[in-house]
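Please follow this explanation with the structure open, moving from the loops between helices to the packing of one helix against another.

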Amino acid sequence: MLSYLLVYILFILTSVIEVLTKKKVLLLFLFCFVYLMLLAGLRGDSGIDTKNYLEFFGDATSKNASSYNLDYGFVYFSAIIKVIYDNPVFYFIVIATLAIGLKMYVVWKLSPLPIITSAILFGTYFLPLETNQIRQGIALGFTLLAVLYRVRNKKVYFFASILIGSCFHISAVLFTVIWFLKRKIPSAFLLGIVLFSFFFVFISTEFLITNIVGFGLFWNEFMYAKLINYASKMEPVGFSPIQLWYILSTLFFFYFRKFVKSEIFDFLLNIFVLGIALNFFLNSFSYMLRITYYFLAVEGLLLGIALYHSRHFLNRLTILIVVFLLIFFKNYSYYFENIDVYK
């Protein structure tokens, strides 16, 4: 528990420095990266899915590897690591370096306050993705890289990033849609999408989604097996504080939109709103909520840009305190719900 608490403290202290100076501090940023990488890589068997990945790594170069029903890109990647050095710690460190390194590279390039952005990104997704759902953690790194290439209008690199990411977790292919979102959409229209989709939090879409999943013509064998398995475990999430957080975040970003006046900010806001809409719509399909992470992960970039354009230090500091309090309670709850695997 102490090591995860130190991540929280580290991000608080370094983020306050960014709020004070409104400058990128590369040394502090690299220190945060190394700490996160080592924490994920040296976690031992802590984590809900960690033992499953350790068992798979033992079979990574054998014929049994295919029996784990994992994405082929991840299977081959793991086999290469095992051939280089057959050591579980080395395995997790390489994975953490790739997944966290990709994310922080994009953050450094796109955010004027990269430590604050990293604090939001990893404070929200660090425990479940970097130490549990590690395949999607890697895929998320590549989809964020695709965001960077879309901003730079590099079409080949954009689609290549998503293709590679989907080799680690097939759900990343859905992120292709953001190629068409780089345009300014009126705030009223985006807000309407958020409010309309919010009704699905209270209305079950189980029948509709089950029938879509069951229509196997759209899916290959691997995807079909995954979706059928997830559909069999459907249970509504219902209303939760995180949904209220999404709505308030959207209103906050809409407010800052008139001060920021940035094409990148508009693009990221479009992605974020789509993620919220998908999250609300998939409320009855809790296992599929994870596909919305690709879209919602840009929240940290939006916050970094918004805070950078806030003129008053006290405003920036107040917002930062509120955000860190919410992140603390989120991770506190997550940790103690899974206390048996985070000892």
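Helices here are DSSP runs of H or I that hold at least four residues, and they are numbered from the N terminus. With that convention, and bearing in mind that this is a predicted model, one can begin with Lys 261, which lies in the loop between α12 (241–260) and α13. The phi of Lys 261 is positive, at about 50°, although this residue is not a glycine. Most residues other than glycine have a negative phi. Lys 261 has a relative accessibility of 69% and therefore counts as exposed, since the cut-off for that class is over 50%.

A second loop calls for the same kind of attention. Asn 153, found between α7 (134–151) and α8 (155–168), has a positive phi of about 60° and is likewise not a glycine.

From the loop that holds Lys 261, the chain can be followed into α13, and here the question is how that helix meets α9. Two packed helices are described by the angle between their axes and the distance between the axes. The axes of α9 (residues 187–198) and α13 (residues 263–281) come within 8 Å and cross at roughly 15°; because angles under 35 degrees count as roughly parallel, the two helices are roughly parallel to each other. Their crossing is left-handed.

On the α9 side, the contact is made by Leu 190, Ile 193, Val 194, Ser 197 and Phe 198, which meet Leu 269, Asn 270, Val 273, Ile 276, Ala 277, Phe 280 and Phe 281 in α13. Sorted by class, this contact has ten nonpolar and two polar residues, with no charged residues.

Methods:
Residues are numbered from 1 along each chain as its sequence is written. This is a predicted model: local features need pLDDT of at least 70, side-chain atom pairs count only at pLDDT 80 or more; totals for chains, interfaces and linings use all residues. Side-chain values use heavy atoms; hydrogens and water are left out. Axes are lines fitted to C-alpha atoms, for helices over the stretch in contact, and angles run from 0 to 180 degrees between N-to-C directions. Angles under 35 degrees count as roughly parallel, over 145 as roughly antiparallel, 65 to 115 as roughly perpendicular and the rest as oblique. A crossing is left-handed if the near helix is turned anticlockwise from the far one by less than a right angle, and right-handed if clockwise. Contact means heavy atoms within 4.5 Å. Ala, Val, Leu, Ile, Met, Phe, Trp, Tyr, Cys and Pro count as nonpolar, Asp, Glu, Lys and Arg as charged, and the others, Gly among them, as polar. Buried means under 20% relative accessible area, exposed over 50%, partly exposed in between (1.4 Å probe, protein chains only).
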